[in-house]
Every structure is written in C-alpha cells, then in structure tokens.
Amino acid sequence: MVEYPILNNHKQDPKFYSLANGLRVALKQIQTAPIVSSWLWYGIGSRNEVPGKTGLSHWVEHMQFKGTKNFSGQEMENTIARTGGYTNAFTSPDWTAYFQTLPSSALETSLRFEADRMVNSLFDPEEVETERTVILSEREGNENDPQFLLGELVQQAAYQNHPYRNEVLGSKEDLINLSREDLYQHYRNYYQPNNAMVCLAGYFDENQAFDLIEKYFGSLPSFPITWSIPVEEEEITDAKTVELIGPEDANFIQIAWRSPKASDPDFFAYTLIESILSGPSSLNMFGSGGIGNRSSRLYRELIENQLAASVNGSLSASIDPGTYTLYITCRGDHSPEDVITKLNQVVDQLLTKPPSQNELDIALKQARANFAYSSDNITNQAFWMGYASSFADYSWFKDYVNRLQAVSVEDILRVSRKYFDPAHRVTGVYRSRNGASYA
Amino acid sequence: MLEQTVAKKALPGSDSIFRQQYPNQTTFLAYPNLTSPAVYFRGYLPVGSVSDPAGKNGLANLNAAMLSTGTDKHNFRQLHEIIESCGASISLSAGSLSTVFSGQCLKEDFSLILELLLEILSQPAYPQNHLERLQQQLATVFRIQAQHTGEMASQAFDRQFYREHPYAHPELGYAHTVKTISTEDLRAFHQNFFGPKGLVLAVSGGIDPQTSAHLFDQIFSAWQVPEQELQQELPPWQPLPQQLREHVPVAEKSQSDLIIGTIAPTGMSEEYQICTLGNNILGQFGMMGRIGESVRERSGLAYYAGSTLEVGLGPSAWKIAAGVNPDNLDRAISKILEEIKRFIQEPVSQSELSDVKEQALGSLPISLETNAGIVRYLLSLQRYNLSLDYLRELPEVLKTISAEDILTIARRYWDMDRLVIASAGREL
C-alpha cells in the first residue's frame, strides 16, 4: 500500500492509501457510535456522456442494484437491510457513489458487495427493460415540477457543448433508445479500481478495515479507460433568455451565472457571495437543515418588498466551471419582469461596491456553523472524503473555513465583477398560461 | 452477554437521558453528544390546527409563521440578523396537535438562541405588513399546490379518510380561510393557547445536559401564563362505511400519485410495534418490501412504491403510496390490492419476520446517528409517555412478536371493503 503524503499528521484526520491496482482508500475513525459509513465513489457521471447517450451513468447506477454473478439484487438489498443499515446511491454530473451506513460488525458485507458489483454485475436484458420504465417514471415524476422543466432549459442555455448542459437522468429520447450493450460497455469501461475510491468513516479498526479492502478489491484488475473528457466552458457566451409556458398557476424565474470550478481559488470568494446574495448553502447532505436566508440581500429586496414568494440559490462544487442558479417563485401580484428589475438592482450593487466587513463576517460565521453541522453525522463525514476528492483532495474540505477566512471584501468585489456580468447569464421564465394578474 | 450489555448501555436510557419537569409545567429533555461542536433542539407546545376556529382554517399554521416576524423587542430584520449572524436557525410550524419549533446553533450561542426562542414564543408583535406578506405568499403556495399531484392526492386521501373529523382539513388551511385571518385572530389564539403549560424542549449536542437544563430553567421559568387554555380533546374517528375512491384531475402531468390507506393504531403501543414489523414487510424492507417488489421491481410501474405507518396521539393512517404513469394507474392499484389481500390472508413467512426483526434491532444505533435523530427520539418518549429505557427494552418486545400476531393485526386494520383510494393526475 502507498500512503498519501497529505494530512496524516493529525489524529482527527482521515488516512489515505492506494492499492496496487489504483484503488484509492480513505479511512476516518470516529468512535462515537458502533456504526460505519462505507462509500464507493467512481469518477464517472453525466459529465463524461456524449450526445445521444445521455442518462447512461444514472441508469448504470440503477442496474448495480439488480444483481451479479454471485448475488441477486434482492439478496444484496435484504442482507444490508437485515443489518439495520441503509444503502443508497447517487449519480451526479461528476461522479457516481454508492454507500451503506450500517453497524460496524457488518462492514465486511458492505465491502464484499461493492467489490463484487464493481466487476460482476449482470445487466440482465429483462431487468434492463423493466428498469427502463422505472427510470422513465422517475423522469416523469420530475417533469411534474415546473422548476425541473425550466431548470433543464436554463442548463442547456448555460453551456454550448459541455455535458453539464444535460440532465443527469438523460433525455427521454435517449432513455427510450439506449441499449443493454450501451449500458454494459459504459459499466465495463468506467467501473474499475483505478477510477474508484473507498471511503470509510466510523467505528472500525484501521488495520482490519484496510485488510478487508485489500482482500476484496486488491485482486481486481484495472484496464485503461477510454475517457470522454469535455472541454471546459469558462463563460456563458451572452445574455440569454429562455421561456416556458405551462399550466401552473404561478410564475417562476431561474437565473444562472457561471461559477468557478471548485479547485479555482475564486470558488471560496464565490461561496461568500452566494451567502450574501441568497443565503449560505448547507454542507450537510445527511443531517438537519442549514441556516435560513432571511438576512440575505435578495430575501430583503424580493420577499420583504413583497415581489416574490420565495428565493433560494444553489451553488455546487464541481470539476469544471459550473453554474450558480437562483430559484424564484413570483407572487401573483407582480410580473416576472418586476422581479427581474429589482434583482438586477441588487446584482448591480454587488458589482459597484464591496460588501461591508460586517456583512462578510456574518457570512464567515455562517460558513463556520455550517461546517460544524456537517460533522454532525458520520455518513456526511464519509461523504465529504469522497466528494472533495472528486474535484480536488480532502484538504479542500479540511481547509474550507480557513480559505474562506482569507477572503477580503476586495476579493468579493473582484470575483463579483468577473462572474456576475449581466451580459453573461441565462434568465429563465416560466409563465402561467392562465395569465396571472399583475394588478 | 458482555457485548449485549455494552450495546444496551450504548443506547440512550434512564441513566443517560436527562428529563426534568418544572413548576410552570414545562419539560426539558437532553442527551449529551459532547464531541459535537453544535446543539440541535426541537420542541412543541400542545396546540395545533385542530384548534383553528370555524372558518379560520390555517390559523395555527399562520400563527407559527407569524411568530418569527417580530417580537416586542426585535423587529423582523433585527431578529433574523441576530439568528443568522451566528449561523443559527429557529424554525416554527404547526401540525394538527402541536406547534413545533426546532433549530440548531454552535454551542457557544445556545444561551442566546434559547432566549430568542422564548421571546418568539411569548412576545410576538404580529406586524400587520408581515401578515399581509405571508397571506400573499400562502396564496401563491395554494395555487402551486393545486397543480401538485402528490399534494392533491394527499388532500383527497385526508378528505375521504377523516370526513367529519378535524384532520380532514389541511393544516395550511384554504385560500379562502387564510385571507380572512386578522392580527386580532392571531392575538386571541396566542392569548388563549400559548404559555409554558405542556411545553416540551429536547436538546442534543455538545453541551452537557446539566448545563443546558440550567440554562433552560433560568430562561423559561420566567414564563407564567395562568390563564393558558388547553386544547380540547379530539372527537373519535369514524370507521369508513365502505371503500371510498377519489381522483383529483390535474392536467398536463406526466405522473399520477396514488395513496391507498386504512386506519393505524394510536400512539407507540405494543400493537404499534407489531404493525411496524408488518409494515416493513409490506412496503419498507429492502427495496420497499412486497409493494416495491411487486409494483416497481417486477412490473416496472413506478419509480417509488412503498408503505408508511403514521404515528400520532390522534387517529392516523397506514398508507401505501406510489408515483405511476397515468396509463398504469389501474394496474398499480390492482397490484397493491393483491398485496394487501395476501397480507391479510396468510401469515408472513418466518424468514420475512426474522429479516425485519433483525433490521429493527440493527437500526437502533443508526437511527440515533445525528443530534436531530436523538432529539426526535427524546420527544417521542415524552409525547407517547414511554419509559426512558424504551429502546433498551424494545429487543425483548420484538422477540415475542409472531407471524400470527402480524396476521391478526393486519386483519384488524386492513379491510378490503373499507379502504380509501385517492389519486391525482391526468383525468381518468
């Protein structure tokens, strides 16, 4: 085994290793409860999909629950369930991850199943067809939500070619046309030890855990991967507007700006801009909710001034430059244009003068609190080891608060001017066909 | 044996849970998680939407929202600037029987947040401009809900299931009732029902229970409201006269939502534990139990399909829900009814029973992984009047439950001729 040179000098820090076949391993001991959260991350998501084959990564994720040469899907599910633990998986634009949080005594079960389905999944043709209707049904459920439909249009407008423009679920057309062979090839190509990372957090003996990982994953071969790597798109080319008309009895707005990739030093200033503008994003994927946004600039201007019913922002850490998107629900007594006019004033202010030091200090305290809440449970701690490693390394997460504290009010102004140019954004409007009255 | 003792001790119990009732009839519960730099809290006052006056449905919910729009000491901006500038949160909402408050903060700010919580609960200002703003926001919410198939199916279910019972009304109220609520209505509601009597607060996090209890006592013991009224007792739920079906048409939706349900036991009785095991077999275990296996895995009819057993002090429902393509709605209903029939015709298998028992035992420490999970458990102990050693005693209770017990209970609660079937989506 090879120990990574970072972070191993502190008792609270995880330890990082890699096996001879390229599998990366992160182990973080937390001795508060006899449970462990076991994650397997793959560096594959919709970011690596090509036109006509969207939705492959997500569908492969579904098929990983359908059985291998050694275990049926039901056997795997039921064995995990019997331990009292829970299991799930996620597909994102950048990665696919599988996890189980379960009693520590069941750690070996988790590792055995994950190693097995890394190479032995069947992709039974009948199961592929059953799952096609399940995934179409998942997409149809999302399509019931006007914000999903608008979001899909906004995201397509935010990128010319980069696959971040595509919905992770895939387009309906592609979901109808993808074949079993497409899925299986995608699986064989990307599901390999040299494109994966095992992350464990919780109550376990480090040496025993490492031996188990070596036992189940150490003999799995790695082959060269045929990559589809997209070209980064640094900026939204111009000011774009997309519109949708539908049956909902309300109007919605989404506005997207380009955000820096997570490994870009500007990402930290951008995080604080988000906090000032629309409130801080929670770092806690699995625990209790985050901090409100009632003292944010947009809440004050749009909600307190009675123009909109709700406003929220969303910023994610991603490999390539991403998007920061605002989601606004308009009130019936104001048109989307009224709301956008006020919003433009708020953004203009961001471009003309830096925030006060007090405003920045509040954003920093919120970030510190969010960071503390993120350590509330071990599932979230295991999540962050893998997530941070998908776009940088764990030091990104560990140094998160320090990096934010180094941001000055001048940095905020500089980064705002760089990214919040009104000539480079997408404005999406969903208009009610029923014609809301703006009187 | 030693391992079992250690495992039992690892669960919260009478030697590790702090519970104290105070002279003003407030109750405080705490459990330490000293490695946590934060504190999570949650509590309730025993007044909810069942106390909404006639024609004012939604009053308890609107009151909960209005509480944090300003107090006698701090206006809206000041209040939220204080809370958010320390990275904390305080949320309020109203359920059928209670007004619930929850939040989290760094442990150094707990005293400040507790003081603000009391201020919010005891000295609301009810500013007129914020009432109008919230009424407008709710008007938007009602319009959005009308297009939401899940919400419409849920409301249809409640209408059919509860009929004359107060639970038939949505806690949010209706557009036409919410707009008639005035600041006088809110003040009267607050004056009648808000006070320390029956208030419960539970805390878990990085402050030891004695210290947090001392803070609670210091801050909350000053709250005295001798004239505080208690919520009236609920009327009994009337059994369903027959199978009741309602479909709410919602145009241009790709998916329909479906709920099929029956009555559930009240509180967390032993009968409830039998139902929990049965429910896990029916629609939870693995990929959503028998329902998930039949509707999703074998038939590919739905992305989600499973069952839930609600728990409450009042009547509550045992529900099966699924999201399906409108063309498959009838097939999904048939599949679910087949599974209910099987559930009441034959005992569950020994392997199914053993699966869910093992799961129930193994999940005990996992359900307490977070501060929020611990606090929810503490509140259940109080709400349902359970022993502080409830979790430690649960394994013995589970051990005695048999397949025949589940069949008996299934037959008691599921009657094929007295179900509610509610759905929403494309016109039938």
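**Exercise 1. Describe the secondary structure and overall form of chain A in this predicted model.**

Step 1. Chain A holds 16 helices and twelve strands.

Step 2. Its radius of gyration is 23 Å, close to the 22 Å from the globule rule for 439 residues, so chain A is as compact as a globular protein of that length.

Step 3. Along the principal axes, the C-alpha atoms of chain A occupy a box of roughly 65 × 50 × 40 Å.

Step 4. Of the 439 residues in chain A, 54% are buried. Among contacts in chain A with a separation of 6 or more, 80% join residues 24 or more positions apart.

**Exercise 2. Find where in chain A pLDDT stays under 50.**

Step 1. Begin with the chain as a whole: the mean pLDDT of chain A is 93, and 95% of its residues reach 70 or more.

Step 2. The stretch sought is residues 1-11 of chain A, where pLDDT stays under 50. The model has 21 contacts beyond four places in sequence for this stretch.

Step 3. Where pLDDT is low, predicted coordinates should not be read in detail.

**Exercise 3. Work out which elements of chain A make up its side towards chain B.**

Step 1. The contact involves 53 residues of chain A and 55 residues of chain B.

Step 2. On the chain A side, at least two residues each come from α2 (73-82), β6 (96-103), α4 (125-143), α12 (357-374) and α13 (378-391).

Step 3. α4(A) gives the most to this side, with nine residues.

Step 4. By residue class, the chain A side comprises 15 nonpolar, 24 polar and 14 charged residues.

**Exercise 4. Characterise the pairing of β1 and β2 in chain B.**

Step 1. β1 (residues 18-21) and β2 (residues 27-32) of chain B pair in the antiparallel sense over four bridges. B:Phe18 has B:Ala30 in β2(B) as its bridge partner.

Step 2. The two strands, β1(B) and β2(B), form a hairpin with five residues between them. In the turn, B:Gln25 has a positive phi of about 70°.

**Exercise 5. Analyse how the two domains of chain B meet.**

Step 1. Chain B is divided into domain 1 (16-220) and domain 2 (244-425). Taken over C-alpha atoms, the centres of these domains of chain B are separated by 28 Å.

Step 2. In chain B, 30 residues of domain 1 are in contact with 29 residues of domain 2.

Step 3. The domain 1 side receives at least two residues each from β2, β3 (38-45), α6 (149-162) and β6 (200-205) of chain B. The largest share, ten residues, comes from α6(B).

Step 4. This side of domain 1 of chain B divides into 15 nonpolar, twelve polar and three charged residues.

Definitions and conventions: Residues numbered from 1 in each chain as written. Chains lettered and ligands numbered in written order. Predicted model: local features only at pLDDT ≥ 70, side-chain atom pairs only at ≥ 80, totals over all residues. Rg over C-alpha atoms; globule rule 2.2 N^0.38 Å. Buried ≥ 20, exposed ≤ 12 C-beta atoms within 10 Å, placed from the backbone. Contact = placed C-beta atoms within 7 Å. pLDDT = per-residue confidence, 0-100. Pairing = 2+ DSSP bridges. Nonpolar A, V, L, I, M, F, W, Y, C, P; charged D, E, K, R; others polar. Domains from an automatic or database assignment.
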